[in-house]
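Hello,

Here is the structure I promised to hand over. My notes on it follow below.

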Amino acid sequence: MSWQTYVDEHLMCDIDGLGLHLAAASIIGLDGSVWAQSASFPQFKPDEITGIITDFAEPGHLAPTGLHLGGVKYMVIQGEPGAVIRGKKGSGGITIKKTGQALVFGIYEEPVTPGQCNMVVESIAAHVPLVGPMNELAGHLPVSIFARPRASLRTHPAEYKWIGRRNMLMCVPGIVTVLRNALSRGMFKPEEITAAMNDFAEPGTLAPTGLYLGGTKYMVIQGEPGAVIRGKKGPGGVTIKKTNLALIIGIYDEPMTPGQCNMIVERLGDYLLEQAF
């Protein structure tokens with residue numbers, strides 16, 4: 001997938017199926033080069049990008065002067081020092097997420113909300129680039145990946161192992177994955193993963209008993225047979241996406257919505273599938 005496709009189909013996507021879109025978006029390398037951008041993205045000056053990169057290195061650098069992009073001034077509001085810069089101007093604003101090698105920009109206007117812009121930009125930034133530091137995704141929700149690198153998910157489920165560790169990069173030959181600590185939910189048991197995998201092979205097998213992860217029971221709700229399992233427990237839930245070589249598991253609680261969890265997990269899963277993993 002090209003970077004332009006990421007901008008056109010993901011950053012400028014229909015947000016949560018509401019018919020809402022960002023006003024403009026771009027992916028710009030840390031050297032100031034444009035990887036891809038929407039047609040509506042403003043013509044920026046090199047010193048504006050330099051100022052933004054400096055603020056990531058020295059948080060607070062932009063506070064006195066504001067964030068400037070394409071000659072437009074945004075008031076810098078609370079972000080995540082060294083990781084996310086957020087700006088506001090009237091009813092609109094901007095979110096900039098730093099990855100290992102690039103900056104991901106999203107500019108919005110009403111009726112898009114700041115939270116919707118943040119979610120789109122920060123979830124897509126988790127894949128830019130996949131081979132670089134990608135702890136970005138871990139900031140959204142607990143994500144774990146189970147994998148058996150040498151075969152497909154058609155092999156015996158007991159041969160799969162949990163490879164997630166807190167905020168660390170783990171390599172499954174040829175691919176770098178971002179993993180979040182699943183211990184906060186309790187270590188998953190092999191039979192729980194076996195049951196989930198059996199449901200992918202024979203959709204509906206979990207319906208009578210529910211989905212268990214770390215001893216927690218989730219009511220199985222509508223998913224995509226053979227591809228996605230979704231579960232609900234109180235205000236939270238779980239999404240599991242199957243790829244050729246792995247299961248990607250995301251667990252969420254309020255204020256995150258089921259749709260937001262689905263988007264994060266399934267987009268990562270779709271990317272891995274496109275890369276034949």
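Two helices, α3 (114-124) and α5 (258-274), each supply at least two residues of the lining of the second largest cavity. This is a predicted model, so please read everything below as computed from it. α3 gives the largest share of that lining, with four residues. The full lining is Ile15, Asp16, Gly115, Gln116, Met119, Val120, Gln260 and Met263. By class, that makes four nonpolar residues, three polar and one charged. The volume of this second largest cavity is about 50 Å³. In total, the structure holds four cavities of 30 Å³ or more.

Next, α5 itself. The helix has 17 residues. From first C-alpha to last, α5 reaches 24 Å, close to the 24 Å expected at 1.5 Å a residue. α5 is mostly covered, with twelve of its 17 residues buried. The buried set opens with Gln260, Cys261, Asn262, Met263, Ile264 and Val265. Glu266, Arg267, Leu268, Gly269, Tyr271 and Leu272 are buried in α5 too. Note that Glu266 and Arg267 count as charged by residue class, yet both are on the buried list. After the helix comes Ala276, where phi is positive, near 70 degrees.

One residue links these two topics. Gln260 sits in helix α5 and also lines the second largest cavity. Is Gln260 buried or exposed? Gln260 counts as buried because its relative accessible area is 15%, and the cut-off for buried is under 20%. Leaving out residues up to four places away in sequence, Gln260 touches Met119 and Pro255. Met119 is itself one of the cavity-lining residues.

Now to α4, which covers residues 190-201. Two alanines there are worth setting side by side. Ala196 is in this helix, and so is Ala201. Which of the two labels, buried or exposed, fits Ala196? Ala196 is buried, because its relative accessible area of 1% falls under the 20% limit. Ala201 is at 63% relative accessibility. That value is over 50%, so Ala201 counts as exposed.

The surroundings of Ala196 can be listed as well. Not counting residues up to four places away in sequence, Ala196 touches Leu206, Leu211, Ile229 and Ile240. Each of those four is a leucine or an isoleucine, and both types count as nonpolar.

Two C-alpha distances go with these alanines. Ala196 and Lys242 are 46 residues apart along the chain, and their C-alpha atoms are separated by 10.0 Å. For Ala201 and Pro225, 24 residues apart along the chain, the separation is 8.7 Å.

Last, the totals for the whole chain. The secondary structure comes to five helices and 16 strands. The chain has 277 residues, and 49% of them count as buried. Take the contacts with a separation of 6 or more: residues 24 or more positions apart account for 50% of them. The exposed area of the protein chain is about 12,500 Å². Carbon and sulfur atoms supply 54% of that area.

Best regards

Methods:
Residues are numbered from 1 along each chain as its sequence is written. This is a predicted model: local features need pLDDT of at least 70, side-chain atom pairs count only at pLDDT 80 or more; totals for chains, interfaces and linings use all residues. Side-chain values use heavy atoms; hydrogens and water are left out. Buried means under 20% relative accessible area, exposed over 50%, partly exposed in between (1.4 Å probe, protein chains only). Contact means heavy atoms within 4.5 Å. Accessible areas come from the Shrake-Rupley method with a 1.4 Å probe; for residues, only the protein chains shown count as cover. On a 1 Å grid over the protein atoms alone, a cavity is a set of points where a 1.4 Å probe fits but cannot get out, and a pocket is an open set with protein on both sides within 12 Å along at least five of seven lines; lining residues have an atom within 4 Å of a point. Grid points are joined across faces, edges and corners, and a volume is the space filled by probe spheres set on the points. The expected span of a helix is 1.5 Å times one less than its number of residues.
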